[in-house]
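User: I'd like to go through this model with you and ask what stands behind each label. Could you set the values against the cut-offs as we go?

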Amino acid sequence: MAEKVIQLAPMLGLIDAPFMNAIAEVGGFDEIFAPYMLADERSIPKPQVLARRFSGISKSVNLVPQLLSNNADAFVAMANILNDLGYPKVNWNMGCPIKFVVSKNRGAALLRDLENLERLLDSAIGRLKPELSVKIRIGFSSPDEFPAIIEIFNKFKINELIIHARTAEQQYGGEPYRQAFIESAGNSLNPIVYNGDITRADEADISLPNLKGYMIGRGAIANPYIGLQIKGLPADNVPTFKQFATEITHWYCARNSLNRLKELWKYFAKALDKPDEIFAKLQKINDSEKFCETVESLF
Ligand SMILES: Cc1cc2nc3c(=O)[nH]c(=O)nc-3n(C[C@H](O)[C@H](O)[C@H](O)COP(=O)(O)O)c2cc1C
């Protein structure tokens, strides 16, 4: 495949409109995935309610909404509303490993029962108006599950299969199974996207003929220029890191969202000298104004 597509990973509780707008201004990311919304058959939102969810997001953001669901009817209903609202592609979250999601048989839990997974896809795909993108884990408990998961998706034609190369049991820690990914992902008849711990441009070096691109999450907070760097594009006329991080910081300070700021700064700090020291200092602050002043003083 030609030039790789670079996607910003969905991150609930970390990334929303201010970060999306800022990274779209930097460039290098072809698509930005929104954190998941629940698609539940008992509560399909009205189109105007769904549209409001994305109201703060700039038109320059090429947004892909994501749905969490274990119900084909609910997924189709909500995805089709999103398509009517102008989104050509919708992502199905089959990778979330969080206990309260998995215990309701959603997210990565769908990878545990491949017969049910096949039934779900079969029931949804023919009725979907938008293109279908699916985000999975390399397995629920082990990467050995990966080849069989690919075989299920090979029975369908989808836009892409995004693979976070950790198992659901690993959650977000430990090493991604990059080698196991490379060994089996080539068998996918659908285009594949690699996800997991890409923090530098030279780590985006997987050569598989069906590799469509890379999805980057935490690495893009610490380095919002990573998309440009992977593509070999200059970062001359784009906001500096100081502008990028302070603009987002001010936005949350104005809303007193200190917890969010502390989460974001876990990653922003990595772009500066002595990240652990900076992070420890910011963690102690309990006042938004002070937080903003301290951030200004870091640059
Ligand atoms: C705080 C947090 C929230 C996340 N929320 C979502 C989500 O809403 N949907 C999803 O598919 N993945 C979610 N993820 C997983 C990321 O999209 C991504 O797969 C993961 O962070 C690995 O990529 P990275 O190593 O580049 O960060 C989340 C991850 C984190 C750390």
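User: Let's start in the loops. Where is the place of Gln 171?

Analyst: Happy to help, and please keep in mind that this is a predicted model. Gln 171 sits in the loop between β6 (160-167) and α7 (178-185). Its phi is near 55°, a positive value in a residue other than glycine.

User: Why is Gln 171 called partly exposed?

Analyst: Gln 171 has 14 other C-beta atoms within 10 Å. A residue is buried at 20 or more and exposed at 12 or fewer, with partly exposed in between. The count of 14 falls in between, so Gln 171 is partly exposed.

User: Asp 197 and Ile 198 both interest me. Which loop holds Asp 197, and what makes Asp 197 partly exposed?

Analyst: Asp 197 lies in the loop between β7 and β8. With 18 other C-beta atoms within 10 Å, Asp 197 lies between the limits of 12 and 20, so it is partly exposed. Asp 197 also has a positive phi of about 60°, although it is not a glycine.

User: And how do you know that Ile 198 counts as buried?

Analyst: Ile 198 has 26 C-beta neighbours inside 10 Å; the label needs 20 or more, so Ile 198 counts as buried. Ile 198 lies in the loop between β7 (192-195) and β8 (211-216). Leaving aside neighbours within four places in sequence, Ile 198 is in contact with Glu 203, Ala 204, Tyr 214, Ile 216 and Gly 219. As for Asp 276, 78 residues from Ile 198 along the chain, the two C-alpha atoms are separated by 20 Å.

User: On to the helices. What makes Val 26 a buried residue?

Analyst: Val 26 has 20 C-beta neighbours inside 10 Å, and 20 or more is what the label asks for, so Val 26 counts as buried. Val 26 is found in helix α1. Apart from neighbours within four places in sequence, its contacts are Pro 224, Tyr 225, Leu 228, Val 238, Pro 239 and Phe 244.

User: Which residues of helix α1 are buried, and what covers them?

Analyst: In helix α1 (residues 17-26), the buried residues are Pro 18, Phe 19, Met 20, Ile 23 and Val 26. Their cover includes β1 (5-8), β2, α8, α9 (226-231) and α10. After α1 comes Gly 27, whose phi is positive, near 95°.

User: Why are α10 and α11 called roughly antiparallel?

Analyst: Helix α10 (residues 241-253) and helix α11 (residues 258-268) pack at an angle of about 165°, with their axes 10 Å apart. Angles over 145 degrees count as roughly antiparallel, and therefore α10 and α11 get that label. The crossing of α10 past α11 is left-handed. At the contact, Ala 245, Ile 248, Thr 249, Tyr 252 and Cys 253 in α10 meet Arg 260, Leu 261, Leu 264 and Phe 268 in α11. By class, the residues of this contact are seven nonpolar, one polar and one charged.

User: What makes α11 and α12 roughly antiparallel?

Analyst: α11 and helix α12 (residues 275-283) pack at about 175°, with their axes 9 Å apart. Set against the limit of 145 degrees, that angle is over it, so α11 and α12 are roughly antiparallel. Lys 262, Trp 265 and Lys 266 in α11 meet Phe 279, Leu 282 and Gln 283 in α12. This contact has three nonpolar, one polar and two charged residues.

User: How do you know whether α5 is roughly parallel or antiparallel to α6?

Analyst: The axes of helix α5 (residues 114-125) and helix α6 (residues 146-154) come within 10 Å and cross at roughly 25°. Angles under 35 degrees count as roughly parallel, so α5 is roughly parallel to α6. Their crossing is right-handed. Here Leu 114, Leu 117 and Glu 118 in α5 meet Ala 148, Ile 149 and Ile 152 in α6. The classes are five nonpolar, no polar and one charged.

User: Last one: how many residues surround the ligand, and which are the closest?

Analyst: The ligand is surrounded by 23 residues, and the closest are Ala 9, Leu 12, Pro 35, Gly 217 and Arg 218. The elements giving two or more residues to this shell are β2 (31-38) and α8 (218-222). By class, the shell has eleven nonpolar, nine polar and three charged residues.

Notes:
Residues are numbered from 1 along each chain as its sequence is written. This is a predicted model: local features need pLDDT of at least 70, side-chain atom pairs count only at pLDDT 80 or more; totals for chains, interfaces and linings use all residues. A residue is near a molecule or strand if its C-beta atom, placed from the backbone, lies within 6 Å of it. Helices (H or I, at least four residues) and strands (E, at least two) are DSSP runs, numbered from the N terminus. Ala, Val, Leu, Ile, Met, Phe, Trp, Tyr, Cys and Pro count as nonpolar, Asp, Glu, Lys and Arg as charged, and the others, Gly among them, as polar. Two residues are in contact if their C-beta atoms, placed from the backbone, lie within 7 Å. Axes are lines fitted to C-alpha atoms, for helices over the stretch in contact, and angles run from 0 to 180 degrees between N-to-C directions. Angles under 35 degrees count as roughly parallel, over 145 as roughly antiparallel, 65 to 115 as roughly perpendicular and the rest as oblique. A crossing is left-handed if the near helix is turned anticlockwise from the far one by less than a right angle, and right-handed if clockwise.
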